[in-house]
Amino acid sequence: MGSRLSLGHPKLHAMTQIKKDSPIACDIGIGGMTCASCVVRVEKALKKIPGVLSVTVNLATESARIEVASGDVTDARLRRAVRDAGYEPRTPEAQADVGRASPWAGFLPVGVGLLLTTPLVLPMLGALWGGHGMLPAWLQFALATPVQFVLGARFYKAGWHALKAMTGNMDLLVSLGTTAAWALSVWLWVTAHTGHTPHLYFEGSAVVITLVMLGKWLETRAKRQTTEAIRALHALRPDKAHWLGQAGEVDVPVDEILMGDQIVVRPGERFPLDGELLQGQSQVDESMLTGEPLPVSKGPGAALTGGSMNGEGRVLMRVTAVGHETVLSHIIRLVEDAQAAKAPIQRLVDKVAEVFVPVVLLISLLTLGAWMAMGSDFETALIHAVAVLVIACPCALGLATPVAIMAGTGVAAQHGILIKDVQALELAHRVQTVAFDKTGTLTVGQPRLLAHVPAPGHDAPTALALAARVQSGSEHPLACAVVSAAEKQGLTGPTAQDLQALPGKGVLAKVDGKQLMLGSLRWLQEEGLDIGMWQPDIQALQGQGASLSALAERTDAGLHALLLMAFGDEPKVGAAQALSTLRERGLKLVMISGDNQAAAEAMARRLGLRPEAGEVLANVLPGDKSAQVQKLRAGGQVVAMVGDGVNDAPALAAADVGMAMGNGTDVAMHAAGITLMRGEVALVGAALDISARTVAKIRQNLFWAFAYNVAGIPLAAMGYLNPMLAGAAMALSSVSVMANALLLKRWKPGDGGSTGA
């Protein structure tokens with residue numbers, strides 16, 4: 001990720017001086033970490049710096065997220081601490097190059113190691129088929145020594161830094177074990193009687209170093225696959241934009257575009273920044289941002305998101321967000337933050353890693369002493385002790401959790417599920433109750449004209465046309481619903497005259513010489529309107545949860561009724577099916593609404609919810625939603641709250657897991673641990689599913705990582721594994737953990753189990 005300030009412009013990579021008393025976070029790339037013990041050591045080194053509030057080191061991303069509060073803490077000071085701990089602080093450019101490297105990057109040392117090691121191993125393989133050839137001792141020495149001290153120099157360097165810090169890591173175990181095997185071979189060769197060829201262990205030390213290097217190379221190659229999601233998001237923003245200036249269209253770097261600038265986007269190009277469409281029509285592909293596979297039709301006034309793909313139309317847009325304020329930048333930052341964070345389960349791993357290497361060293365010494373005490377010669381005892389050192393390397397232990405989180409959050413982002421909070425990811429699979437806000441979450445959130453009933457003696461289309469003309473100049477949601485319904489029937493006409501809005505009541509207007517009043521039934525009744533002829537309709541419509549308004553004409557004889565109008569929200573497409581699927585998973589469902597009981601229950605039944613089973617909480621004011629969520633939690637349930645991310649922020653924060661149904665706005669993405677970009681109810685189940693699968697991968701990885709060591713160390717101590725087999729098993733453990741996590745990349749919403757979780 002490089003060194004990136006979490007606040008400020010994303011181009012600002014170097015934290016030269018942090019403002020006093022202003023907590024801020026930065027990322028530093030770190031090279032040379034190999035196992036969970038390295039993570040612990042780097043964290044300890046950084047935490048010792050005065051002013052550092054918290055440190056999270058991620059082995060999979062090879063980076064550290066540091067939060068500081070002191071103005072004396074500079075980026076250079078943090079980097080020096082990393083270097084003093086024995087690791088390489090990477091520049092942002094170097095860290096970026098790691099992610100962009102070719103699949104074969106870094107293979108040269110591994111290839112050289114394989115070339116030098118293969119001749120040492122071939123005689124052993126030949127022995128399986130009855131062969132008895134063995135290379136001369138001097139040739140074994142000549143092949144193994146460059147592997148040990150040239151290719152293996154990195155292990156000595158890192159192991160020495162670990163010793164100076166009075167800690168241990170994988171490199172220390174490898175360097176001690178292979179050096180012991182190499183030194184024993186030299187000693188046996190030098191002290192051998194003339195004419196006697198002793199069994200040497202040069203191939204063991206060379207093979208272990210080569211296998212470890214091969215395992216780390218495969219591991220690094222797999223890591224690049226886990227960061228593909230972020231690299232794909234970065235690639236969505238074009239480098240240049242067609243800026244519309246006084247001289248016409250000019251191609252300028254996107255970084256030079258300002259708020260309010262007008263830019264042209266041609267067919268097939270990506271929108272460089274967020275904006276508003278001014279001229280043109282087009283179909284826009286937003287799949288990389290929202291996961292929505294179908295293009296969305298856009299016309300003048302429509303919002304455009306940077307990174308989405310323009311269709312067949314040439315359009316002109318006005319820029320409304322630049323730099324780190326764009327939706328794409330927010331999404332990238334959220335995914336990066338989630339992948340840099342440390343899951344709660346990782347803390348247990350860190351505690352184990354802190355004491356793991358010293359315990360392994362002790363077991364190795366005990367193995368050496370025990371074999372010699374049982375009468376074995378020093379050579380045999382040492383080989384068994386070396387095998388313990390080699391197989392115990394905790395590489396897989398440090399990778400088990402972060403690689404699964406990276407793969408899970410990356411694939412979720414590709415399908416429109418942004419996971420900001422790793423704790424929410426780890427907790428979501430345990431959710432028992434899902435509470436939904438109604439408006440904008442389960443429903444469309446925009447009122448529609450559900451029904452209109454003319455007064456006796458009046459024609460419905462004519463009355464609706466009059467109502468639309470009265471409302472045509474208003475932006476009120478109910479007015480828009482009337483105008484939209486009239487336009488669908490082809491009922492259009494000029495705007496009314498002498499419009500006068502009465503807040504909370506309605507509208508007065510003149511249409512074709514008629515004095516019209518449109519507003520709430522209560523207001524019109526207060527003005528003298530008789531609504532008795534509509535009473536059966538009013539009772540039926542109110543029972544369905546509809547809001548009612550009426551149109552009346554004022555004459556010298558008083559008010560005369562013209563049209564009764566019923567307004568209501570509509571369930572989102574697919575919401576009922578999504579709720580049914582959640583119920584089938586054994587989840588308890590609750591809808592929280594500010595509507596009256598009758599209206600809330602009517603909508604709940606349309607959604608397939610059961611009011612009689614307590615699945616509806618009505619008459620809940622916006623400020624009381626969080627209290628309702630806390631009440632659900634107080635009953636011992638793990639609660640997920642799903643809301644629109646704006647009005648429901650307190651309730652989202654009060655839940656164990658908050659899910660914001662949003663279109664990627666800043667508020668929506670920061671109101672909850674998980675943001676569902678498309679606002680589809682079906683994504684709630686998908687978010688719970690990817691949580692369950694990611695946690696399953698973490699547990700599987702931790703099981704295998706511990707299993708390799710728990711089973712391997714005793715086998716090595718008892719003499720059933722030689723150093724070469726131990727090295728192969730250790731390398732295999734890291735690669736298997738990476739491969740298992742990468743299975744998550746095949747996940748899709750609604751997938752029945754292709755990940756193998």
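## Aromatic pairs, salt bridges and a small sheet

With a relative accessibility of 51%, F703 counts as exposed, because the exposed class covers values over 50%. The residue belongs to a predicted model, and the description below proceeds from the chain as a whole to its aromatic pairs, its salt bridges and one of its sheets.

The chain comprises 757 residues, of which 52% are buried. Its secondary structure amounts to 27 helices and 26 strands. When contacts between residues at least 6 apart in sequence are considered, 70% of them connect residues at least 24 apart. The accessible surface of the chain is about 32,700 Å², and carbon and sulfur atoms account for 58% of that surface.

Turning to the aromatic side chains, the count of aromatic pairs comes to seven. In one of them, F149 and Y156, the ring centres lie 5.7 Å apart and the planes meet at 15°, so the pair is classed as stacked, the limit for this class being under 30 degrees. Both members of the pair retain some accessibility: F149 is partly exposed at 36% relative accessibility, and Y156 is likewise partly exposed, at 27%. The pair formed by F703 and W704 has a separation of 5.2 Å between ring centres and an angle of 75° between planes, so its geometry is edge-to-face, a class that requires planes over 60 degrees apart. Within this pair, F703 is exposed at 51% relative accessibility, whereas W704, with a relative accessible area of 47%, is partly exposed. The value for W704 falls in the intermediate class because that class lies between the 20% limit for buried residues and the 50% limit for exposed ones.

Ring pairs also connect residues into a cluster, whose members are F141, F149, Y156, W182, W189 and F202. The stacked pair of F149 and Y156 is thus part of this cluster. Another member of the cluster, W189, is located in helix α7, which spans residues 170-191. The relative accessibility of W189 is 30%, which places the residue in the partly exposed class. W189 also contributes to a nonpolar surface patch together with W138 and V190; the combined accessible area of these residues is about 350 Å².

Side chains of opposite charge can pair when their charged atoms come close. A search of the whole structure identifies 20 salt bridges. One of them joins E88 and R83, with an N to O distance of 3.1 Å. Both residues are partly exposed, E88 with a relative accessible area of 38% and R83 with 40%. A further salt bridge connects R266 and E249 at 3.0 Å, N to O. R266 occupies the loop between β7 (262-265) and β8 (274-279), while E249 is in strand β6 (residues 248-253), so the pair ties together parts that are 17 residues apart in sequence. R266 has a relative accessibility of 33% and is partly exposed; E249 is also partly exposed, with a relative accessible area of 33%.

D498 and K510 form a salt bridge with an N to O distance of 3.8 Å. This pair links distant parts of the chain, with D498 in strand β17 (residues 497-502) and K510 in strand β18 (residues 506-511), twelve residues apart. D498 is exposed at a relative accessible area of 56%, whereas K510 is partly exposed at 28%. Through shared partners, salt bridges also join E249, R266 and R314 into one network.

Finally, strands of a sheet pair through backbone hydrogen bonds, either parallel or antiparallel. An open sheet of three strands, in the order β10-β9-β12, shows antiparallel pairing. Its edge strands are β10 (296-298) and β12 (309-310), each of which pairs on one side only. The pairing of β9 (residues 282-285) with β10 is antiparallel and extends over three bridges. Q283 has S297, in β10, as its bridge partner.

Methods:
Residues numbered from 1 in each chain as written. Predicted model: local features only at pLDDT ≥ 70, side-chain atom pairs only at ≥ 80, totals over all residues. Heavy atoms only, no water. Pairing = 2+ DSSP bridges. Helix = DSSP H or I, 4+ residues; strand = E, 2+ residues; numbered from the N terminus. Patch = residues over 30% accessible without salt bridge, like charges linked within 9 Å, V, L, I, M, F, W, Y side chains within 5 Å. Areas by Shrake-Rupley, 256 points an atom, 1.4 Å probe, with all protein chains shown as cover. Salt bridge = Lys/Arg side-chain N within 4 Å of Asp/Glu carboxyl O. Buried < 20%, exposed > 50% of the residue type's maximum accessible area, 1.4 Å probe, protein only. Contact = heavy atoms within 4.5 Å. Phe/Tyr/Trp six-rings, centres within 6.5 Å; stacked < 30°, edge-to-face > 60°.
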